[in-house]
Amino acid sequence: PIPASDKITINLPQKSIIEIFTIQGEIIKKINNVDKKTTINLVDLPSGVYIIKTISDKGIEVMKFIIE
């Protein structure tokens, strides 16, 4: 997993939808029409492991990150 603290920056090949889930699968953030490079504020999330899913015309990509 990718370590994070108060924000995470994501580089995408094209505009996408970003969804952030808890490790239990509960969706906690959804951001539509995200530009190719975006920074997501994570200060309102407690420490733990999270899943980030990006959805675009090129497909779906899933990654894990940890807030310490």
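**View 1. Four salt bridges are counted in this predicted model.** A salt bridge here is a side-chain nitrogen of Lys or Arg within 4 Å of a carboxyl oxygen of Asp or Glu. Residues are numbered from 1 along each chain as its sequence is written, and side-chain values use heavy atoms, without hydrogens or water. As the model is predicted, local features need pLDDT of at least 70 and side-chain atom pairs count only at pLDDT 80 or more, while totals for chains, interfaces and linings use all residues.

**View 2. Glu 19, Lys 30 and Lys 53 are joined into one network by salt bridges that share partners.** Start at Glu 19, which is buried at 10% relative accessibility (buried is under 20% relative accessible area, exposed over 50%, partly exposed in between, with a 1.4 Å probe and protein chains only). Its salt bridge with Lys 53 has the closest N and O atoms 3.5 Å apart. That pair links strand 3, home of Glu 19, with Lys 53 in strand 6, 34 residues apart (strands are DSSP runs of E, at least two residues, numbered from the N terminus). Lys 53 is partly exposed, at 22%. On the other side, Lys 30 meets Glu 19 with the closest N and O atoms 3.8 Å apart. Lys 30 lies in strand 4, so this pair ties together parts that are eleven residues apart in sequence.

**View 3. Asp 35 and Lys 15 form a salt bridge between two loops.** Their closest N and O atoms are 3.6 Å apart. Asp 35 sits in the loop between strand 4 (27–34) and strand 5 (37–41), and Lys 15 in the loop between strand 2 and strand 3, 20 residues away. Asp 35 is partly exposed, at 45%, whereas Lys 15 is exposed, at 52%.

**View 4. The largest nonpolar core has 14 residues.** Such a core is a set of buried Ala, Val, Leu, Ile, Met, Phe, Trp, Tyr and Cys residues joined through side-chain atoms within 4.5 Å. Look for Ile 18, Ile 20, Ile 40, Leu 42, Ile 52 and Phe 65, which touch the most other members. Strand 2 (7–11), strand 3 (16–22), strand 6 (48–56) and strand 7 each give two or more residues to this core.

**View 5. Lys 64 lies in strand 7 (residues 59–67).** At 45% relative accessibility, Lys 64 is partly exposed. Its C-alpha atom is 9.0 Å from that of Pro 3, although the two residues are 61 apart along the chain.

How values were computed:
Helices (H or I, at least four residues) and strands (E, at least two) are DSSP runs, numbered from the N terminus.
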